[in-house]
Amino acid sequence: MNESRQYRLSNNTKEYLSEFHYILDAMIQGMTEVKLTDSISHNFIVQMIPHHQAAIEMSRNLLKYTTNIPLQDMAQGIITEQAKSIENMRKILCDCSELDNSKRDACLYERRTKQIMETMFSRMGNACANNQIDGNFMREMIPHHEGAIEMSRNALKYDIVSSLKPILKEIITSQEKGIIQMERLLKEMRCE
């Protein structure tokens, strides 16, 4: 059961959560309504850009409320890393038209991507919420990062443009590191 139904939420928490759900809805729309092609490289990029943009906006939303210095640093890092990743993906998007995948591979890729996205959307939307905004952010961002990792691993199983591979590997590395940091910080906050 969502904890927000069990607690009286402060006005700050309500404002934070309202903006979070607005960002989440925009991300879902951006990732699910985009036009897909037979290029897995193209499809990954056009679905990952709104995913990364949401992380940037979620981090900016957190920065309006948090006083936790390590979390402020983490949010700033997310903004910087994901903005750079978006820039790198946009630079190679045109290259993706050079490599179309078979209909079978494109279908298999998209089927798994859809499963990953549905799990991520559900876990983010149902993350337990209370008046500890810092904890809310991390419980929302962990499944967001996990989704990016799984989407990247899924794309690496297929024939993709070579310029996309280092971007995917960087997403996996940075998001795994972020998850470890957030899980550690969540544990520390529970101990206080």
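Here are some short exercises, with worked solutions, on a predicted model.

**Exercise 1. The core**

Find out which residues in the largest nonpolar core touch the most other members, and which helices supply this core.

*Solution.*
- Step 1: Start with the core itself, which has 57 residues. The ones that touch the most other members are M27, F44, I45, F137, M138 and L164.
- Step 2: Now look at where the core comes from. At least two of its residues are supplied by each of α1 (11-32), α2 (40-63), α3 (69-92), α4 (103-125), α5 (133-156) and α6 (165-191).
- Step 3: Look for the largest share. That one belongs to α2, with 10 residues.
- Step 4: Pick out I45 and list its contacts, skipping neighbours within four places in sequence. You get M89, I92, L93, C96 and L164.

**Exercise 2. Two residues of α5**

Decide whether F137 and S152 are buried or exposed, and list what each one touches.

*Solution.*
- Step 1: Place them first. F137 lies in helix α5, and S152 is found in α5 too.
- Step 2: Check accessibility. Buried means under 20% relative accessible area. F137 has 0% relative accessibility, so it counts as buried. S152 has a relative accessible area of 0%, so it is buried as well.
- Step 3: Go through the contacts of F137, leaving out residues up to four places away in sequence. F137 touches Y16, M58, S59, L62, L71 and I78.
- Step 4: Do that for S152, with residues up to four places away again left out. S152 touches F44, L168, I171 and I172.
- Step 5: Add a distance along the way. F137 and Q72 are 65 residues apart along the chain, and their C-alpha atoms are separated by 11 Å.

**Exercise 3. α2 and its partners**

Work out how α2 is oriented relative to α3 and relative to α5.

*Solution.*
- Step 1: Take α3 to begin with. α2 and α3 pack at about 155°, and their axes are 9 Å apart. Angles over 145 degrees count as roughly antiparallel, so α2 is roughly antiparallel to α3.
- Step 2: Add the handedness and make-up. The α2 and α3 crossing is left-handed. The residues in this contact are 16 nonpolar, 7 polar and 2 charged.
- Step 3: Move on to α5. Here the angle is about 165° and the axes are 11 Å apart. α2 and α5 are therefore roughly antiparallel to each other.
- Step 4: Note that α2 passes α5 in a left-handed crossing.
- Step 5: See who meets whom. On the α2 side you'll find F44, M58, S59 and L62 among them, and on the α5 side the residues include F137, M141, H144 and S152. This contact divides into 12 nonpolar, 5 polar and 2 charged residues.

**Exercise 4. α1 against α4**

Describe how α1 and α4 pack, and which residues meet.

*Solution.*
- Step 1: Read off the geometry. The angle is about 170° and the axes are 11 Å apart.
- Step 2: Draw the conclusion. α1 and α4 are therefore roughly antiparallel to each other.
- Step 3: List the residues. From α1 come F20, H21, L24, M27, I28, M31 and T32, and they meet M117, M120, F121, M124 and G125 in α4.
- Step 4: Sort them by type. You get 9 nonpolar, 3 polar and no charged residues.
- Step 5: Link back to the core. M27, part of this contact, is one of the core residues that touch the most other members.

Definitions and conventions. Residues numbered from 1 in each chain as written. Predicted model: local features only at pLDDT ≥ 70, side-chain atom pairs only at ≥ 80, totals over all residues. Heavy atoms only, no water. Core = buried A, V, L, I, M, F, W, Y, C linked by side-chain atoms within 4.5 Å. Buried < 20%, exposed > 50% of the residue type's maximum accessible area, 1.4 Å probe, protein only. Helix = DSSP H or I, 4+ residues; strand = E, 2+ residues; numbered from the N terminus. Contact = heavy atoms within 4.5 Å. Axes fitted to C-alpha atoms, helices over the stretch in contact; angles between N-to-C directions. Parallel < 35°, antiparallel > 145°, perpendicular 65-115°, else oblique. Left-handed = near helix turned anticlockwise from the far one by under 90°. Nonpolar A, V, L, I, M, F, W, Y, C, P; charged D, E, K, R; others polar.
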